[in-house]
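Reader: Could you take me through one loop residue of this model in detail, starting from its burial and backbone geometry, and then place it within the rest of the chain? I would prefer a connected account to a list.

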Amino acid sequence: MDDHHSNITIVHSIIATVLLVLFPLFFLPFTQEFFVTNKLYFLGFAALLLMGVSLVHLFVTKKIKLSHKPLDNAMILFLVATGLSILVVSPNKIVALLNPNFGLIAIFSLTVVYFYISRLKLFGFDTPHTHEKNAHGILYALGIPGIILSVIGIAYFFQPFKNIKLPYNLQFLQNPGFSPMGSQLDLILVLGFIFMFAVTILIQHMNESEGKDSSSMMAPAIMTLVSFVTLLITAYALFKPDTTNPSGTPAFTLPPFRLSWYAAVEILKNPLSAIFGVGVNNFGAIFTSVKDIMYNQSPLWQIQSFVLSRSAVLHIMTETGLFGLVAFALILIGMIKLAFSKHHHEDNVNRVLLVYIIIVLLIFPPSLNVFFLFYVLAAKLAWEYVPVDGERKLSLNLEHLAPVKVAFAILGLIILGAGGYFLGRSYLAENYFKRSLDAIPQNNGQALYNNQRQAIMLNPYIDRFRTSFAQTNLLIANNIASKKQEEITQTDRETIAQAIQAAIAESKAAVQLHPTKASNWENLAAIYKNVLNIAQGADVWTVSSYQRAILLDPQNPAYRLSLGGVYYSLGNYDDASRMFEQAVSLKTDWSNAHYNLAWASYQRGDYKRAASEMQAVLSLLNPARDQADIDRAQKDLEEFKAKIPKETSEEKPKEESQKLSLPTPPVATFSPKLQLPKDASPEAK
């Protein structure tokens, strides 16, 4: 039996070692997002594999052996808090499970990995030193991908594939910011972790190796050098001003800390949300509710919502409530106690890394890569802990308890089978969706449609799939409806009606999957808006959907501008003016809102107001880049002023320009309009 136990331990160690080495480097071009999505599934399958090996061990030895570590209870409590938040309040529970940065699959898999790594010696990373330094093998295992990431980062600073024509499926390699980490910010944070480890080890070895063999300093010296150089290069690329952006802001964006704090405090106003938060994967909904006019005056105003908080700690509090925050705080407190215990009085590595990771969690958004480092560090601290009175262990012999053994085996098979089936099915859905996107540049409409349909059949709970499929069906309807009226047959009308109904049904499904997401209502409104000239009742449904989006995102001027555009295209200039006025009040420096208000006022016969708003447009445009719009607005202003002394017949809005644009109804139109069923309305279930 001992041989079996030893063999199983070796297998566990190999799996854990491979995971540590490959996780930072792992990505596949088989999903819409190559990096974090694939890391999530890699982590999930690795956790299932570790559990599967343990199940085999149970069959062979008929024994269960468990040891207790100081952080175990807090880890389980945080996992339970995350699960309860999803179960009680998350609007879309499947997406909350699959959220790669902070979802139940991620937290569950990381918890499993913690339990195994905290009890194993990594395969091939043993050292001949003391127990404390032997544990550094966990971090040396991370050093291998750290060096590889650094080399890739340095190489990509020179853009090696810039002038090379690559196949379509490899063109992502030409991205100057490419890294297997996916995000350059994540690359900086992970390399910062490795750099802090390497430089601390290097200093310790230098102090210990005076007059002795210094060969032990080679590995940390290499890690220190390459990670530091890559940190400088990546930080420069990340924080340098974006010359293509008129505001001169950096190329990357982070949610404002002020609004992230407001979102966290907002949950305390309701007992349920105070305990369980707003639900995992629902930060975007509360962000839109706390967004204010100050946000509209910032360069970020066109980002309707952020799905992650500025701080991982605030994100945990916002989405999982005080229950989740307390559970996470217990993990941190336990880690601090372990790092600063007498057991580690001569080793500063744990303390330096713990301080670093806490700072990162406090000031940067949640990330699967950062959480991975956090759980690995927790496992290292727990691995090193040796209580004075010995480790508490639970040993259960099931050799003479056949029913219990069978029950454990069946339960384990169910968990592993269900987990593997769910992960495999959802990953396959992501793969089909990626194939549909690949069909767009190939102009293959059939592949686009079929692959999106297959993705939805495999995982019907992803609202992202639904909204994309809605747009595909709308494209089919508009392509047919754009024919000449005399060329449209009865079969075409039936196809158009079916495509429109499918587009509406998919958009409504997205709304039902995540009803607190304003952008889903905006998508539904856009579908209705695109069939205004085709389907009866689409005007009322469009207005209703935009109103729901506005309720969920009350400070968003773009929704009001869009709703005003619908009123304008329907000839309802009074309501259009009201919406445009609200858009202007929410963002006073938005030239297009003033421009639309000017024309709506003109159509109402309020020429003085029209001239005043057009004058505001001219004051907001930049002569260096908006000269064409300035010329157009100046010409319109002259016409408006000419109307003030005497009223003449109304004139139509002029041709759209790139920045200043008036709302126009959809081009496709035919008579008689299609009569859609009642369940096409946004209120119908």
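**One loop residue and its wider setting**

Author: Asn-281 is buried, with a relative accessible area of 19%, a value that falls under the 20% cut-off for burial. The model is a predicted one, and what follows is a reading of its computed geometry. Asn-281 sits in the loop that joins helix 11 (271–276) to helix 12, and its phi is positive, at about 70°, although the residue is not a glycine. Most residues other than glycine have a negative phi.

Asn-443 makes a useful companion case. Asn-443 too has a positive phi without being a glycine, at about 55°, and it lies in the loop between helix 17 (402–438) and helix 18. Its surroundings, however, are of another kind: at 72% relative accessibility Asn-443 counts as exposed, whereas Asn-281 counts as buried.

Each of these loops leads on to a helix that can be followed further. Beyond the loop of Asn-443 comes helix 18 (residues 445–458), which holds Gln-452. With a relative accessible area of 3%, Gln-452 is buried. Apart from neighbours within four places in sequence, Gln-452 is in contact with Phe-433 and Ser-436, and also with Ser-468, Phe-469 and Thr-472. By their numbers, Phe-433 and Ser-436 belong to helix 17, while Ser-468, Phe-469 and Thr-472 belong to helix 19 (463–481).

The loop of Asn-281 leads instead to helix 12 (283–290), one of the elements that give two or more residues to the lining of the second largest pocket. The other elements in that group are helix 2 (36–61), helix 4 (93–98), helix 8 (184–208), helix 19 and helix 21 (518–530). This pocket holds about 1400 Å³ of space, and among its 48 lining residues those nearest the centre are Asn-99, Pro-100, Asn-101, Val-307 and Leu-308. By class, the lining consists of 22 nonpolar, 19 polar and seven charged residues.

Val-307 and Leu-308 fall, by number, in the loop between helix 13 (293–296) and helix 14 (312–339), which also contains Trp-301. Trp-301 is buried, at 15% relative accessible area. Its C-alpha atom is separated by 9.0 Å from that of Lys-587, although the two residues are 286 apart along the chain. Setting aside residues up to four places away in sequence, Trp-301 touches Lys-587 along with Tyr-295, Asn-296, Pro-557 and Trp-590.

Pro-557, one of these partners of Trp-301, carries the number at which helix 23 (557–569) begins, and helix 23 is, with helix 21, included in what covers the buried residues of helix 22. Those buried residues are Ala-538, Trp-541, Thr-542, Val-543, Ser-544, Ser-545, Tyr-546, Ala-549 and Ile-550. The 15 residues of helix 22 (residues 538–552) should span 21 Å at 1.5 Å a residue, and its end C-alpha atoms are 21 Å apart, in agreement with that expectation.

Helix 26 (residues 607–620) offers a further case, with 14 residues that reach 20 Å from the first C-alpha to the last, close to the 20 Å expected. Its buried residues are Tyr-607, Ala-610, Ala-611, Glu-613, Met-614, Val-617 and Leu-618. Viewed down the axis of helix 26, these fall within an arc of 165°, and they therefore line one face of the helix. In an α-helix, 3.6 residues make a turn, so residues three or four places apart point the same way. Lys-608 and Ser-619, on the other side of helix 26, are exposed. The covering of the buried residues of helix 26 includes helix 25 (591–603) and helix 27 (627–643).

Helix 8, which helps to line the second largest pocket, also supplies at least two residues to the lining of the largest cavity, as do helix 7 (137–156) and helix 16 (368–384). The largest share, four residues, comes from helix 7. This cavity holds about 70 Å³ of space, and its lining has ten nonpolar, two polar and no charged residues. Two cavities of 30 Å³ or more are counted in the model.

As for the chain as a whole, its secondary structure comes to 27 helices and two strands, and 52% of its 685 residues count as buried, Asn-281 among them. Of the contacts between residues at least 6 apart in sequence, 73% join residues at least 24 apart.

Note on methods:
Residues numbered from 1 in each chain as written. Predicted model: local features only at pLDDT ≥ 70, side-chain atom pairs only at ≥ 80, totals over all residues. Heavy atoms only, no water. Expected span 1.5 Å × (residues − 1). Buried < 20%, exposed > 50% of the residue type's maximum accessible area, 1.4 Å probe, protein only. Arc of directions from axis to C-beta. Contact = heavy atoms within 4.5 Å. 1 Å grid on protein atoms, 1.4 Å probe; cavity = no way out; pocket = protein on both sides within 12 Å on 5 of 7 lines; lining within 4 Å. Points joined across faces, edges and corners; volume = space filled by probe spheres on them. Nonpolar A, V, L, I, M, F, W, Y, C, P; charged D, E, K, R; others polar.
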